[in-house]
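Dear colleague,

I am passing on to you the structure that I have been working through, with a summary of what I found in it. Please have it open beside this message as you read.

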Amino acid sequence: MNPLAMVVKADEFEAPGPSNFDLPGFFDSGVTKPMVLLVLAAALVFAFFYLAIRRATIVPGRLQYAGESAYGMVRNSIARDIIGGHDFRKFVPYLVTLFFFVLVNNLFGSIPFLQFPTFARASMAYALAAMSWVLYNAVGIKRHGLVGYLKLQTVPSGVQAFMLPLLVPLEFFSNILVRPVTLALRLFANMFAGHILLLLFATGGLYLIQHVGGIGYAAGPVAWVLSIAIGFLEILVQFLQAYVFTLLNAMYLQGALADEH
Amino acid sequence: MKSMLIVAAAEHEENPLGFVWVEFVLALVVFGILLFLIGKFVTPRFEQTYHERTTAIEGGLAAAESKQAEADAKLAELEAQLADARHEAARIREEAREQGAQIVAEMREQAQSEASRIVEHGKAQIEAERQQAVTSLRAEVGGLATSLAGRIVGESLDDDARQSRVVERFLADLETGSGAGAN
């Protein structure tokens with residue numbers, strides 16, 4: 001929809017779009033809300049874990065138990081179960097940080113007043129995906145050497161030789177080139193779409209009440225009720241995306257470390 | 001506000017997938033710092049706590065096991081001691097019984113010998129008294145015989161009747177005399 005047209009006809013419903021994510025900086029400083037939220041999320045994650053384990057005891061208190069449950073979920077059900085017995089320990093800090101950093105940033109989309117999922121800014125999702133790409137490739141090259149690693153990632157075992165010219169570029173494309181893109185876009189698009197959906201229901205409800213009249217008075221509140229339901233759905237999506245992002249990171253690391261394809 | 005935003009958006013309609021350097025670098029830096037802090041202050045302590053807990057639980061189990069073994073050993077020892085004590089008691093009882101029997105036998109023997117000694121003594125005494133009686137009797141009988149003989153000789157011994165009278169008198173004398181003298 002042409003935004004100019006919206007300005008001309010201010011009465012017409014203006015659907016939320018990409019422009020809603022392009023927030024101005026505070027006090028013209030260039031420091032935008034997502035940037036502040038990003039730092040806030042990091043501070044919250046660190047504060048939670050630091051306080052939880054600061055006075056660690058064998059028999060945990062409430063906060064320590066919560067911290068251990070959170071930490072243990074990523075450590076055991078993601079890092080240990082996927083990367084496996086002997087290698088997983090050194091990736092636990094990375095995966096724990098990743099999961100909770102992404103989770104808190106996502107949940108900001110559902111927290112009143114903050115209400116912006118940080119990774120709806122694509123560049124921030126690109127950053128995490130780029131880091132993941134560098135990390136798993138570096139780990140793989142360190143383990144197998146450059147040639148060995150490329151062979152591991154691109155040459156599927158148990159395939160007849162004449163198929164290789166077809167499969168090697170395909171595998172290279174999917175394992176080396178596409179992974180960071182899908183990783184970033186999956187996270188970004190989910191957050192972006194969820195936020196737009198919420199905006200649509202919230203502003204749409206308001207528009208129905210303010211400008212439509214008649215049936216609008218009934219339909220507007222319905223939209224708001226639905227926006228609450230979608231809010232809960234969003235919380236689930238936000239959690240799920242953080243989980244999937246971390247899970248895929250662990251799987252890529254595992255793939256890079258694996259001895260056989 | 002709304003219209004201002006729209007104007008702003010209209011001025012540069014941004015591609016949502018567009019790349020913003022500031023955000024990219026900021027996300028990397030913030031994540032890097034968080035990763036450093038978590039790796040330095042959080043994960044080592046969690047791992048240490050897990051390790052300590054594992055050690056504590058395993059240590060507790062080991063301690064309980066050793067305590068159990070100790071208790072078992074103690075029980076066996078006590079049972080052995082009890083059996084020993086029972087055995088000892090039986091032995092002592094047996095010994096006491098034997099000793100008792102021995103003492104009784106000794107006592108009986110002693111009593112027997114004492115009794116026989118007393119009997120012996122009595123016999124000896126009786127013999128001695130008898131001997132004494134015989135001796136004194138013999139002396140008395142001699143005297144009596146002499147006096148009887150004197151009386152017989154003193155009277156006329158021609159008459160049988162007289163003779164028998166004399167003898168009867170003598171005997172009567174003897175009886176009365178010996179009645180006093182024998183005792």
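Two residues are said here to touch, or to be in contact, if their C-beta atoms, placed from the backbone, lie within 7 Å. Please also bear in mind from the start that this is a predicted model.

With that meaning of contact, A:Phe101 is a good place to begin: leaving aside residues up to four places away in sequence, A:Phe101 touches A:Ala41, A:Ala42 and A:Val45 in chain A, and also B:Phe31 and B:Leu34 in chain B. A:Phe101 belongs to the largest nonpolar core, which has 64 residues, and is one of the four members that touch the most other members, together with A:Ala79, A:Leu95 and A:Ala125. Each of the following helices supplies at least two residues of this core: α2 (33-54), α3 (62-83), α4 (92-107), α5 (122-144), α7 (164-212) and α8 (215-257) of chain A, and α2 (21-154) of chain B. Among these contributors, α4(A) gives the largest share of the core, with 11 residues.

Two of the contributing helices can be described in some detail. In α2(A), the buried residues are A:Pro34, A:Met35, A:Leu37, A:Leu38, A:Ala41, A:Ala42, A:Val45, A:Phe46, A:Phe49, A:Ala52 and A:Ile53, and A:Ala41, A:Ala42 and A:Val45 are among the residues that A:Phe101 touches. The length of α2(A) is as expected, because 22 residues at 1.5 Å a residue should span 32 Å, and the end C-alpha atoms are 31 Å apart, which agrees.

The helix α3(A) also has 22 residues, so at 1.5 Å a residue it should span 32 Å, and the distance of 29 Å between its end C-alpha atoms agrees with this. There is a bend of about 30° in α3(A), at A:Gly72. The buried residues of α3(A) include A:Gly67, A:Glu68, A:Tyr71, A:Val74, A:Arg75, A:Ile78 and A:Ala79, and A:Ala79 was named above among the members of the core that touch the most others. After α3(A) comes A:Gly84, which has a positive phi, near 100°.

Positive phi values also occur at two residues that are not glycines. A:Phe113 has a phi near 75° and lies in the loop between α4 and α5 of chain A, where A:Phe113 counts as exposed because 6 other C-beta atoms lie within 10 Å. A:Gln115, with a phi of about 40°, lies in the loop between α4 and α5 of chain A as well, but A:Gln115 is partly exposed, since 16 other C-beta atoms lie within 10 Å.

Turning to chain B, you will find three helices and zero strands, and buried residues make up 6% of its 183 residues. The contact between the chains takes 35 residues from chain B and 40 residues from chain A. On the side of chain B that touches chain A, α1 (2-11) and α2 each supply at least two residues, and α2(B) gives the most, with 22 residues. By class, that side of chain B has 25 nonpolar, four polar and six charged residues.

The UniProt record, in an unreviewed entry, places a "transmembrane region" at residues 20-38 of chain B. In the model this span is 95% helix and 0% strand, with its end C-alpha atoms 27 Å apart. For chain A, the unreviewed UniProt entry places the "transmembrane region" feature at residues 35-53, 91-113, 119-139, 187-209 and 221-244. Of these, residues 187-209 are 100% helix and 0% strand in the model, with end C-alpha atoms 33 Å apart, and residues 221-244 are likewise 100% helix and 0% strand, with end C-alpha atoms 34 Å apart.

One last residue to look at is A:Leu199, which lies in helix α7 of chain A. A:Leu199 and A:Ala15 are 184 residues apart in sequence, yet their C-alpha atoms are 8.6 Å apart in space. Apart from its neighbours within four places in sequence, A:Leu199 is in contact with A:Pro16 and A:Asn20. A:Leu199 is classed as partly exposed because 17 other C-beta atoms lie within 10 Å.

With best wishes

Notes:
Residues are numbered from 1 along each chain as its sequence is written. Chains are lettered from A and ligands numbered from 1 in the order in which they are written. This is a predicted model: local features need pLDDT of at least 70, side-chain atom pairs count only at pLDDT 80 or more; totals for chains, interfaces and linings use all residues. A nonpolar core is a set of buried Ala, Val, Leu, Ile, Met, Phe, Trp, Tyr and Cys residues joined through C-beta atoms within 7 Å. A residue is buried if 20 or more other C-beta atoms lie within 10 Å of its own, exposed if 12 or fewer, and partly exposed in between; C-beta atoms are placed from the backbone. Helices (H or I, at least four residues) and strands (E, at least two) are DSSP runs, numbered from the N terminus. The expected span of a helix is 1.5 Å times one less than its number of residues. The bend at a residue is the angle between axes fitted to the seven residues ending there and the seven starting there. Ala, Val, Leu, Ile, Met, Phe, Trp, Tyr, Cys and Pro count as nonpolar, Asp, Glu, Lys and Arg as charged, and the others, Gly among them, as polar. UniProt positions are given in the numbering used here, feature names are shortened, and annotations may be inferred rather than shown by experiment.
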